[in-house]
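Please go through the interface in the following structure and the overall form of one of its chains, with the criteria behind each value stated.

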Amino acid sequence: MNKVSDCFRVLRLNGRCALIPFITAGDPDLETTALALKTLADQGADLIELGVPYSDPLADGPVIQAASTRALGRGVTLEGVLEMVEEATPSLKPPLVLFTYYNPILSWGVENFLGRAAQAGVSGLVVPDLPLEEAAPLLQAAQAQGLEVVLLVAPTSSPARIQAIAEQSQGFIYLVSVVGVTGMRTELEQRVPGLIAQIRQVNQKPVAVGFGISSPPQAAQVKAWGADAVVVGSAFVKRLGSGDPAAGLQAIGEFCQSLRQALD
Amino acid sequence: MISLSSAQPDALGRFGLFGGKYVPETLMPALEELEAAYGRFRQDGAAQAQLQGLLRDYVGRPSPLYFAERLTAHYRRPDGQGPLIYLKREDLNHTGAHKINNALGQVLLARHMGKGRIIAETGAGQHGVATATVCARFGLECVVYMGVHDMERQALNVFRMRLLGAQVQPVAAGTGTLKDATSEAIRDWVTNVEHTHYILGSVAGPHPYPMMVRDFQAVIGKETRQQCLDLWGGLPDLLLACVGGGSNAMGLFHEFMGEPGVTLIGVEAAGQGLGTDKHAATLTLGKLGVLHGAMSYLLQDEYGQVLEAHSISAGLDYPGVGPEHSFLKDSGRAQYASVTDQEALAAFQRLSRLEGIIPALETAHAIAYLETLAPQLPGNPRLVINCSGRGDKDVQTVVKALGDLGSPT
């Protein structure tokens, strides 16, 4: 079972550019995260990326760092996140992609973690501090569990690296749209369309563009550049984390809808 | 016994299980570029001559190997046994610590790579000062990330860096110490990698840093070998150095890795005690993990979240450790011990009064381990301690811990 690949197959048949919202698990709390998954699914998310809070999120900007710190402060653990996911996924249509740094996986034990994640209904993994050279153990073990490990391409990646990463990436190819960490930007990197074209030349897997996209016009721009999917993170995390849970849920629902409209 | 070849990481940058490159993809091309540039730099005769010249005329190398007569007498037992203690005086380097050896090497490398902006992380401020110094020397823009807690306890070094023209960027995240400053420096590098070189200050981080920083610090061990030959015509019996990330220890050890007769001992910070949660004894109590780009031993909780370290010494206050140290521990080539804040404070005073040398609190950890080690050593073995830095920067911290000491006792 490769739910992420299958999802993109259907999206392509329908000519639909996928919307992938990202939220940090446990911010403001895991109950709200469970409700948020449902809200996002109802408001047009095609896949959902769920961030696991980590003490040292090297690839994240201030918004997601702060959300991680808040969640960890409330005692949120990877185990707790997977328990919540296990309850949520049976009624959740969009495939769930877990975004986690490597150390919590390593600490759990790669095999044990993958087994538990698959059991909980996780469909894919993004591990931002695990580049191609270090990913082999995870890629092989995940395949055995039916989990797809998505690798990242950056604007700094050489053509040779892009080709090798694209070949190994499972589910889709995650194109980091900025030279930098996650977070909202006013300007999109002008190299993105060229990078999408470069990936297309060497591989037919779907390309999702993320990092720095925070508004419907930016999402529409990325779609126009030819992306198969748009990932929006910090802009969701900020809306969900500020104020009370009910207001946060309403805000992300409306925002998700507005992004969906921009992509349709 | 270990072969010389295992002192070099493999093609993936690993010392056995440890090391590697656990960084976002954005940085991978920069690490490849750095590795290639460093390879050329090592072969470049003119660049090496420039480095050697600056190490001599600007840093003041070679640093002396000093026989600590009164410290030796202090540990001499009634039957005349006890170690002959020598101090490798890295505290006499320009800027007052071993850190300048690496900063100077990397700034020359950055110039070769055509990078005009330099960033660094710092804990105690010694690496930050060294980096700010070499950036001033070569007219490069310099940003140093430093935890807010460390800025407070190392205020003197903050002022020095600013005086040297560096921008000191406070990091309030986490505990506001070296770990958080390093994370923030890496984020800066991810963002500005195309025109910025990151001068990492320890034998930590992703490959090639652990190897490269060690190589730039290896001058310590090379000089020590020659000085031992000049003084007594042989090798030292034991080497002793403090370990936070572990650069001064690797710098001293590396030259002697293939000499099985030389015992290598690293000393970590036990903070308020190994039985408490306030320590920085990564090799003693850590588990395998990944932090700041490398697989190594790591202080972490049961869920793989990185724990806060604690040490009275800002330079040792780090939950990770260089991957080669993890390798040396597992292979048995080096031994690692730990001493508490209190023991380090006592050694800080002991060395001051017995030798007229005020050591850095980091260095005081190595000195403190003599209390345990010296009584166990039979005969009169020759023991070299890396006196890695001077203690002026720590006087405020020590005043806070000990009071004003009153009249001499």
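Q: How many residues of chain B are in contact with chain A?
A: This is a predicted model, in which local features need pLDDT of at least 70 and side-chain atom pairs pLDDT 80 or more, while totals for chains, interfaces and linings use all residues. Residues are numbered from 1 along each chain as written, chains are lettered from A in the order written, and side-chain values use heavy atoms, without hydrogens and water. With contact meaning heavy atoms within 4.5 Å, 35 residues of chain A are met from chain B by 37 residues.

Q: Which residues of chain B lose the most area to chain A?
A: Buried area is the accessible area (1.4 Å probe) that two parts lose on being put together, summed over both, and for chains B and A this is about 2800 Å², 53% of it on carbon and sulfur atoms. Together giving 24% of what the side of chain B buries, the residues that lose the most are B:Glu25, B:Arg187 and B:Tyr303.

Q: What is the distance between the closest N and O atoms of A:Asp56 and B:Lys179?
A: A salt bridge requires a side-chain nitrogen of Lys or Arg within 4 Å of a carboxyl oxygen of Asp or Glu, and the rule finds 5 across the interface of chain B and chain A. A:Asp56 and B:Lys179 form a salt bridge, with their closest N and O atoms apart by 2.9 Å.

Q: What share of the residues of chain B count as buried?
A: Buried means under 20% relative accessible area, again with a 1.4 Å probe and protein chains only. Of the 409 residues in chain B, the share that meets this is 65%.

How values were computed. Buried means under 20% relative accessible area, exposed over 50%, partly exposed in between (1.4 Å probe, protein chains only).
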